[in-house]
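Grab the structure and a pencil. Here are a few exercises, each with a solution worked through in steps.

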Amino acid sequence: MNSVERRAILGVGGIFALRMIGLFMIVPVFSVYGNNYAHATPFLIGLAVGIYGLGQAIFQIPMSLAADKFPRKPIIFLGLILFAIGGMIAANATDIYEVIIGRALAGSGAVSAVLMALLADVTREEMRTKAMATMGLTIATSIMLAFAFGPLLVGSLGISGLFWLTSGFAVLAMLLLLVVPTPLRVLKHNLDNKSIGQQLKTVLNIGDLNRLHIGVFALHLTMTAIFVILPHQLNEVMGLSVRQQGLVYLPLLFIGFAVAIPFIIIAEKKRRMRQVFLGAIALMTSALVLLALGSQMGVGIILGLLLYFMGFNLLEATIPSWISKRAPVANKATAMGLNSSSQFFGAFVGGAMGGLLLNQPNLLAWGILAIIMGASLLVIIPIAQPPYLSSTTVTIPKNINIQDWSRQILAVDGVDELVVMAKEQVAYLKLDKTQLTDDSRQTLSRLAQSPLDI
């Protein structure tokens, strides 16, 4: 990777980590501590856990549609402001309804897809897979760390303190946004004449993307429901307090992460993403079946969680990379927005469902989640391997009009997308090598004023 790409991954990864840790720290503790709020019921507690997902699901698509037409960074900054304000409202809440309002507002800062699209803009095609896989791992690790450290910190900070941390993380994320390069996107197929309906229709007509949306919906539904149900079972079966439960999650996180990494490498390097993806869903389904059958024994809970975390890490790491490969060039943010909306709508449904299942028999609660995960596997099985494309990096010649130069580059056969970073004097070209000719290669070399390896 070059310096621009490393800086982009550092900045975007840091923003993702801060947001995810802030959002998910309360998930493994709120089903217990939420009883301290006025008017709390099991359903409202579950709703408070998952309501941020509804805000994300509603606002992810309009924000991502806007980000395909306008600069991405101002939209991200607006989302982080909403995230911070929502955390402050929840931190000062005295009843469960105020918490729900704060979590919903925090969720309305729906910029996950815009962040992914920004990262895709500033990474070359052959590096994008690595960048997206890194983001997937960052998201998975951040969520797992939140599950581990939320229980460890709540004893000293309280629920209110965790919400204040959420707002503080949002401010830090705003500062990190300054680290990320600011690209100028120039597309051969411009969106200016496309309506919002046309943008959505283009993406929704791609069946494999819809299957990925179903997968991420089931993933986050089951994950959120698990951590509404689980704290009570760990206390009843293993006698663990909420704080002690964090010490269970942390080693399982790292073991699951370590086991998942070789399979992530196989998926990317050996181009076996479909096989690894389907295997991860099957593994999570098996984990939920094990939890249904063995939730009255400590070993059953631990083993079930370990298998679930392994599958969780695999899916979180591969989905962003897959979306970046399969999404249309000019609709990356829209495709990622639909996927993020599915993800967070799943979290909303999972939180509410977890509240409803909280007082149900263990076999029924875990069995329903296993059926949901297994059904998603059946729907996703027809998915095809993602396409593998190529790109190249060029140095922008000095003392030129960048707009004129960009138009000349895009006029060359085989060039589908150009991302210009004027400050760094670097541009990325997305190429269809089947359309490149000797003449187009020579033209590109002349415009870049240097020979190109394409």
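The exercises below go from confidence to cores, then to the surface and salt bridges.

This is a predicted model, so local features need pLDDT of at least 70 and side-chain atom pairs count only at pLDDT 80 or more, while totals for chains, interfaces and linings use all residues. Residues are numbered from 1 along each chain as its sequence is written, and side-chain values use heavy atoms, with hydrogens and water left out.

**Exercise 1. Check the confidence of the chain.**

Step 1: Start with pLDDT, the predictor's confidence in each residue, from 0 to 100. The protein chain has a mean of 83, and 92% of its residues reach 70 or more.

Step 2: Look for a weak stretch. Over residues 188–192 the pLDDT is below 50, and this stretch has 12 contacts in the model beyond near neighbours in sequence. Contact here means heavy atoms within 4.5 Å.

**Exercise 2. Find the largest nonpolar core and look around Phe 30.**

Step 1: A nonpolar core is a set of buried Ala, Val, Leu, Ile, Met, Phe, Trp, Tyr and Cys residues joined through side-chain atoms within 4.5 Å. Buried means under 20% relative accessible area, exposed over 50%, and partly exposed in between (1.4 Å probe, protein chains only).

Step 2: The largest core has 141 residues, and Phe 24, Phe 30 and Tyr 308 have the most contacts inside it. Helix α7 (residues 125–177) gives the largest share, 20 residues. Helices are DSSP runs (H or I, at least four residues), numbered from the N terminus.

Step 3: Skip the neighbours of Phe 30 within four places in sequence, and its contacts are Tyr 37, Ile 45, Ala 48, Val 49, Ile 96, Val 99 and Ile 159.

Step 4: Another core lies apart from the largest one; its 16 residues include Ile 396 and Trp 405.

**Exercise 3. Place Leu 293.**

Step 1: Leu 293 sits in helix α11 (residues 273–294). With a relative accessible area of 68%, Leu 293 is exposed.

Step 2: Leu 363 is 70 residues away along the chain, yet the two C-alpha atoms are separated by 6.4 Å.

**Exercise 4. Work through the salt bridges.**

Step 1: Apply the rule: a side-chain nitrogen of Lys or Arg within 4 Å of a carboxyl oxygen of Asp or Glu. That gives 2 salt bridges.

Step 2: Asp 208 meets Arg 211 at 2.8 Å, N to O. They are 3 residues apart in helix α9 (residues 207–238), so about one helical turn separates them. Asp 208 is buried at 12%, whereas Arg 211 is partly exposed at 24%.

Step 3: Arg 407 pairs with Asp 404, the closest N and O atoms being 2.3 Å apart. Both lie in helix α15 (residues 402–410).

Key: Helices (H or I, at least four residues) and strands (E, at least two) are DSSP runs, numbered from the N terminus.
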